[in-house]
Amino acid sequence: ESLLAVLHALGAPVESLNEVSSALRERKQSLWQSILEPVTVAWDGENPLIKACLPVRFADHSLNGHLELESGERQVFRWSSDDLSVLDIREIEGIRYVVKQINLPESLPWGYHRFLLETGGNCAETLIISAPDKAYSPSDYSKSRMWGAFMPLYALGDYSTLGSLAEWVSGLGGDAVATLPLLPAFLDEPFEPSPYAPVSRLLWNEYYINIDSVPELPESPQARALRDSPSFQTEIRELRDLPLVDYRRLMALKRGILEKCCHSLITERSGRLHDFNEFIKANPVVEDYARFRAAMEKQRSLWSGWPQRLRDGTLNEDDYEEKIKLYHMYAQWLAHQQVQTLSEKSRDMGTMLYFDLPVGVHPGGYDVWRERESFALEMTAGAPPDTVFTRGQDWRFSPLHPEKVREQGYRYFRAYIRHHLRHAGMLRIDHVMGLHRLFWIPKRLDASQGVYVRYRAEEFYAILTLESHRSRSIIVGEDLGTVPPCVRPEMARHGLKRMYVVHYELASNPRKPLGRIPGNVVASLNTHDMPPFAAFWQGLDIEERLSMGLLDKKGAQAEKRTRQACKDALAYFLRDRELLKHDSTEIRDVLRACLLFLSSSQARTVLVNLEDLWLETRPQNMPGTDDTQPNWRRKARYAIEEFRNLPEITDTLKEMDKLRKRKH
């Protein structure tokens with residue numbers, strides 16, 4: 001049943017197993033009838049291997065080629081049948097086909113080029129991706145050893161706060177500031193605050209706009225009056241004192257001010273109105289997105305419940321309120337400006353922004369609505385059962401369709417990669433295994449009944465390497481969990497940095513020392529999906545899972561024994577390297593020793609979760625718990641103004657910096 005459902009989602013006309021053979025024959029025939037592949041990759045400027053599949057009756061015809069470079073330059077070629085070598089001859093359903101190799105006479109510059117082939121009255125086109133073999137890496141990256149700090153932005157503040165964090169880290173000698181995805185989210189109805197279920201991967205989250213930095217605020221008496229009103233200030237104080245982020249209330253307060261600022265911009269017709277209009281003209285996706293959000297607010301439902309015309313992507317002016325559309329356009333403009341300012345200031349300080357690209361998007365969001373041909377809507381992506389998630393995982397987003405995205409020349413993938421790399425000095429690709437394969441789950445079945453579907457990994461890598469060089473950004477692949485054997489060699493081949501996480505290393509073999517850390521990795525103690533170090537050391541995560549029914553008593557006892565073995569092995573390892581005193585098992589001492597071990601290693605980049613430095617025990621996310629836990633909502637215990645003055649934090653970071661900068 002699972003296989004049939006996945007085949008049907010891929011476009012195969014099958015309803016039962018009896019129809020598979022005929023559908024396979026039709027598919028093979030259609031592939032041989034395609035003169036050119038939709039996409040061709042040319043590595044490092046070499047001539048692309050273009051295969052032309054032709055019926056034998058056309059084999060003696062001359063071929064005309066038209067090459068249009070990304071720069072706009074055009075070249076025309078003509079080949080006789082004798083000019084081309086034969087790669088294969090095969091008979092499919094009574095028709096003989098010949099595959100000929102077309103070699104372009106010159107190497108291609110890096111970029112996206114169109115090649116059109118004409119023969120025997122037939123015409124076909126392929127997108128040539130001419131890309132460097134490896135992703136961008138600074139010339140001194142192999143010699144330098146960097147470090148950075150991680151903190152979810154919702155736990156800390158807004159875009160300006162992230163800028164302050166970057167400035168503080170830079171002042172301590174740090175090279176990077178990492179955070180979770182900063183993409184738009186549904187923060188009202190529907191409500192989904194997870195940064196890994198964004199409305200779009202093409203825009204920024206207006207929730208993080210710093211209201212006080214909005215230029216229209218001083219020019220709008222109404223906006224200033226609202227901000228300065230006693231009720232507004234009282235509510236802001238209440239929200240600031242809450243231990244958890246109240247997205248709905250804070251976003252509603254921000255929106256009230258932003259709407260008045262937007263009204264002021266439009267009615268006063270200041271010089272910034274010209275800049276606003278120019279931004280919208282240069283970024284048509286912003287206006288299209290704003291129409292979508294405005295239509296959602298009028299329909300009061302996800303797009304799957306809209307009337308057919310709206311579902312199909314056609315919105316007229318009476319399908320939404322103009323002022324709501326203007327608000328969303330204005331909010332995106334401000335978010336873009338504040339992210340750009342953050343990016344420019346960080347680069348000037350020599351500190352990279354380390355952004356995170358989620359593997360999926362919200363199924364009710366803008367991207368799936370507008371790019372639905374790129375998605376397998378009948379499926380969700382996830383992971384098969386393992387020792388931690390015994391029933392498997394359903395991530396509840398629609399996966400990309402491997403053939404549809406090829407036919408579109410990876411238009412959507414290229415767009416959201418560029419969106420991030422315009423500002424990210426480093427970009428983490430969430431679940432990098434998704435470039436190779438994803439676990440598809442038919443919507444009517446549970447996660448244990450999914451099927452792996454493979455993708456054209458080489459074509460994804462070509463786009464990543466090309467775009468990383470254009471933006472001069474480092475690409476990091478999140479290769480944690482179930483990793484097929486082919487993934488890490490391909491990451492190395494194309495220059496993607498791996499991740500090294502102490503908790504994962506210990507979990508893979510509790511009694512084995514950590515050993516030598518590879519050089520080409522981003523190393524850390526944990527990730528946002530794991531318990532903080534203090535909780536791990538005290539076993540608080542085991543107690544939590546026991547109380548939630550995710551473990552029984554017997555399982556919890558087994559986990560505790562394994563955890564103790566991990567702790568004993570880790571302490572022995574650190575003492576053997578004279579990083580931990582022989583008589584100490586204090587959490588802070590072990591934490592410091594682990595960070596010094598990472599800092600003195602060959603790892604190119606070490607990331608420290610700032611919350612670990614003050615021995616936080618509460619996690620930011622507990623995978624698989626849905627709404628039963630305050631995932632993605634917990635504020636940091638300290639504001640940046642507080643923790644940057646705590647000696648136990650600054651002293652540790654200074655010690656890490658000293659080790660990182662030391663010749664190794």
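Which residue follows H14, and what is the sign of its phi? In this predicted model, H14 is followed by Arg472. The phi of Arg472 is positive, near 55°.

Helix H14 itself covers residues 457-471. At 1.5 Å a residue, its 15 residues should span 21 Å. The C-alpha atoms at its ends are 21 Å apart, which agrees with that expectation. Of the 15 residues of H14, 12 are buried, so the helix is largely enclosed by the rest of the structure. The buried set includes the aromatic residues Phe460 and Tyr461. Ala457, Ala462, Ile463, Leu464 and Leu466 are also among the buried residues. So are Glu459, Thr465, Glu467, Ser468 and Ser471.

Phe460 of H14 is buried and also belongs to an aromatic cluster. The other members of this cluster are Phe375, Tyr410, Tyr412, Phe413, Tyr416 and Tyr455. Tyr416 has a charged partner as well: Arg201 lies over the face of its ring, at 4.1 Å from the ring centre. A second arginine is placed in a similar way, with the charged end of Arg248 over the ring of Phe191, 4.1 Å from its centre.

Across the whole structure, a search finds 31 aromatic pairs. One of them joins Phe77 and Trp79. Their ring centres are 5.7 Å apart and their planes lie at 20°, so the pair is stacked. Phe77 is buried, with a relative accessible area of 12%. Trp79 is buried too, at 10%. Trp395 and Phe397 form another pair, with centres 6.1 Å apart. Their planes are also at 20°, so this pair is stacked. Here the two partners fall into separate classes of exposure. Trp395 is partly exposed, with a relative accessible area of 28%, whereas Phe397 counts as buried at 4%.

The nonpolar interior was examined next. The largest nonpolar core has 178 residues. Within this core, the residues with the most contacts are Leu165, Tyr330, Leu610, Phe643 and Leu653. Helix H10, residues 322-349, gives the most to the core, with 11 residues. Another core, of 21 residues, lies apart from it. Ala42, Leu54, Leu84 and Ile128 are among the residues of that second core.

Phe643 illustrates the contacts made by one residue of the largest core. With residues up to four places away in sequence left out, Phe643 touches Leu156, Leu165, Trp168, Leu610, Trp614, Tyr638 and Ile649. Two of these partners, Leu165 and Leu610, are themselves listed with Phe643 among the residues with the most contacts inside the core.

Terms used. Residues are numbered from 1 along each chain as its sequence is written. This is a predicted model: local features need pLDDT of at least 70, side-chain atom pairs count only at pLDDT 80 or more; totals for chains, interfaces and linings use all residues. Side-chain values use heavy atoms; hydrogens and water are left out. Helices (H or I, at least four residues) and strands (E, at least two) are DSSP runs, numbered from the N terminus. The expected span of a helix is 1.5 Å times one less than its number of residues. Buried means under 20% relative accessible area, exposed over 50%, partly exposed in between (1.4 Å probe, protein chains only). A nonpolar core is a set of buried Ala, Val, Leu, Ile, Met, Phe, Trp, Tyr and Cys residues joined through side-chain atoms within 4.5 Å. Contact means heavy atoms within 4.5 Å. Rings of Phe, Tyr and Trp (its six-membered ring) pair if their centres lie within 6.5 Å; planes under 30 degrees apart count as stacked, over 60 as edge-to-face and the rest as tilted. A charge sits over a ring if NZ of Lys or CZ of Arg is within 6 Å of the ring centre and within 35 degrees of the ring normal.
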